[in-house]
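Q: I have a model open and should like to go through it piece by piece. Could you take my questions as they come?

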Amino acid sequence: MRHLLDNGDLIVTCGRGAADVCAAELKELGFAPRAVEDTAWSVRGTILDAMRLNLHLRTAQRVLLPMVSVPARTPDELHRSLVAEPWEHVLFPDGYFSITTGVDMPGIRDPRFAALKVKDAIADRMVRACGRRPDSGGERDRAVLHLHWHDSRATVLLDTSGEPLSRRGYRLQSGPAPMQEALAAACVLATPWRGESAFVNPMCGSGTLAIEAALVATNRAPGLLRTNFGFMHVKGRHEQEWKRIRREAEKIARPLAAGCRIVATDINPRAIDAARANAERAGVAESIAFDVCDFAATRVPPPPGVVMLNPEYGERLGDASKLESEYRRIGDFLKQKCVGYMGYVFTANLPLAKRIGLHSKRRMILYNANLEGRLLEFELYSGTRNPGDGKDPRP
Ligand SMILES: C[S@@+](CC[C@H](N)C(=O)[O-])C[C@H]1O[C@@H](n2cnc3c(N)ncnc32)[C@H](O)[C@@H]1O
């Protein structure tokens with residue numbers, strides 16, 4: 001079994017479509033990511049690096065540390081191989097653990113069966129080594145182990161994140177169809193904006209985009225908002241190191257730049273109440289100007305800047321035919337009130353997006369949970385762009 005302080009692979013997973021943005025984050029943190037799957041990167045590091053990644057990554061879901069890899073052609077062989085591993089070096093006998101799975105083995109139709117085999121093997125080993133076994137179940141707020149069982153090989157990875165990193169902890173109130181926090185961060189980081197100019201978020205709902213933008217602009221690590229991670233529930237918890245890594249992250253946080261204004265509006269006063277409460281919990285309420293208004297009445301600061309909307313898209317909310325005129329109005333708003341901005345619309349409904357009536361310069365596929373969406377990018381020049389005018393309206 002790998003020691004947690006051994007340098008080795010760490011697997012960083014992210015939502016579908018967010019891999020490039022996640023890789024850019026990893027590089028900025030000094031890692032050299034290698035692609036494992038379209039939603040996973042591998043980097044080299046120890047548990048201490050995993051802790052730093054959990055603290056800083058905005059677009060990732062989980063940071064996994066592979067611990068053992070054993071041959072396992074059958075469930076019995078899986079049990080035999082895993083019961084031989086010293087789980088007592090990692091788990092507390094009076095603790096709690098849960099098993100998540102990624103299984104692709106002939107004959108194993110129910111991954112819960114594989115999870116049960118792993119749980120039994122670990123429990124048997126712990127009883128043998130310590131005289132008692134930790135509790136286990138489906139909660140992911142303590143030690144979490146992930147079984148990856150493919151091609152007759154089983155790898156057990158420590159999920160150092162526990163709850164997915166997308167759950168920052170600030171969003172206790174949400175309206176209908178909220179964006180996952182990591183997706184909102186991916187939308188922000190997909191733009192060139194890093195807090196030096198305006199960020200305008202009409203139709204803000206529970207405020208996720210504006211809050212993630214404020215965290216980026218103030219260089220605040222999103223993990224500072226969380227008090228619980230999977231790595232805190234295994235032996236060798238390295239509390240001192242964690243305090244040091246947090247202190248370093250706190251030191252690099254900065255106030256909003258002079259030219260930065262973050263504006264979030266919604267027509268629904270309850271959405272704005274929720275967004276404001278969420279922003280307070282995230283520690284960025286001071287950085288965001290909230291307003292209740294129709295999106296078209298949003299007070300847009302002078303350019304440059306980014307304007308980003310996540311309108312309803314008819315799949316879960318609203319009615320597509322009613323929404324057609326809203327999308328047309330979004331096009332008018334972008335053309336008339338956001339000149340000199342970079343415009344972005346995140347939607348899962350492409351026929352509706354056509355009603356915006358602007359040519360998108362870039363389209364990025366991103367998933368909100370299992371729903372495929374597009375982040376459309378529009379350059380909002382005034383009138384016809386004169387390619388020779390030398391002005392770059394981007395922030
Ligand atoms: C899909 S939700 C946005 C979700 C948001 N991204 C979040 O993470 O919570 C769309 C939001 O648009 C708002 N909305 C709908 N029509 C509007 C309008 N005409 N003007 C302003 N906001 C509007 C709704 O109240 C809703 O909060």
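A: Certainly. In helix α8, the residues A271, I272, A274, A275, N278, A279 and A282 are buried. A residue is buried if 20 or more other C-beta atoms lie within 10 Å of its own, exposed if 12 or fewer, and partly exposed in between, with C-beta atoms placed from the backbone. The buried residues of α8 cover an arc of only 160 degrees around the axis, which puts them on the same side of α8. That arc is the one spanned by the directions from the helix axis to the C-beta atoms.

Q: Before we go on, what sort of model is this?
A: This is a predicted model: local features need pLDDT of at least 70, side-chain atom pairs count only at pLDDT 80 or more, and totals for chains, interfaces and linings use all residues. Residues are numbered from 1 along each chain as its sequence is written. Helices (H or I, at least four residues) and strands (E, at least two) are DSSP runs, numbered from the N terminus.

Q: Back to α8, then. What do its buried residues pack against?
A: They pack against α6, β10 (262–266) and β11. On the face turned away from the buried side, α8 carries the exposed residues P269 and R270.

Q: And what follows α8?
A: G283 follows α8, and its phi is positive, near 75 degrees.

Q: How about α7: largely in the open or mostly buried?
A: Of the 14 residues of α7, the number buried is 1, so α7 lies largely in the open. From first C-alpha to last, α7 reaches 20 Å, close to the 20 Å expected at 1.5 Å a residue. The expected span of a helix is 1.5 Å times one less than its number of residues.

Q: Which residues of α9 are buried?
A: The buried residues of α9 are L323, Y327, I330, F333 and L334. They cover an arc of only 115 degrees around the axis, which puts them on the same side of α9. On the other side of α9, S321, K322, S325 and Q336 are exposed.

Q: What do the buried ones pack against?
A: The buried residues of α9 pack against β12 (305–309), β13 (341–347), α10 (350–354) and β15 (371–379).

Q: Let us take β13 next. How many of its residues are buried?
A: In β13, 7 of its 7 residues are buried. Y341, G343, V345 and T347 point one way from the strand, and M342, Y344 and F346 point the other way.

Q: Which strands does β13 pair with?
A: β12 runs parallel to β13 and is joined to it by 5 bridges, while β15 pairs with β13 in the antiparallel sense over 6 bridges. Two strands pair if DSSP finds at least two bridges between them. L309 stands opposite V345 in β13, and G343 stands opposite F378 in β15.

Q: What is the strand order in the open sheet of 8 strands?
A: The order is β2-β3-β1-β4-β8-β7-β5-β6, and the pairing is mixed. The edge strands are β2 (34–37) and β6 (135–136), each of which pairs on one side only. Within this sheet, β1 and β4 pair in the antiparallel sense over 4 bridges, and C14 has A60 in β4 as its bridge partner.

Q: Changing topic: what are the domains?
A: The domain assignment gives domain 1 (8–159) and domain 2 (181–220 + 254–379); such bounds come from an automatic or database domain assignment. Taken over C-alpha atoms, the centres of domain 1 and domain 2 are separated by 35 Å.

Q: How many residues are in contact between them?
A: 9 residues of domain 1 are in contact with 11 residues of domain 2. Two residues are in contact if their C-beta atoms, placed from the backbone, lie within 7 Å.

Q: Which members of the largest nonpolar core touch the most others?
A: Of its 118 residues, V12, C22, A186, C187 and I262 touch the most other members. Domain 1 and domain 2 both give residues to this core, so the core lies between them. A nonpolar core is a set of buried Ala, Val, Leu, Ile, Met, Phe, Trp, Tyr and Cys residues joined through C-beta atoms within 7 Å.

Q: What is C187 in contact with?
A: Leaving aside neighbours within four places in sequence, C187 is in contact with L209, M308, Y344, F346, L366 and L375.

Q: Which peptide bond is cis?
A: The bond from P303 to P304 is cis, with omega near 5 degrees. P304 lies in the loop between β11 (288–292) and β12.

Q: And what about the phi of A369?
A: A369 has a positive phi of about 55 degrees although it is not a glycine. A369 is exposed, with 10 other C-beta atoms within 10 Å.
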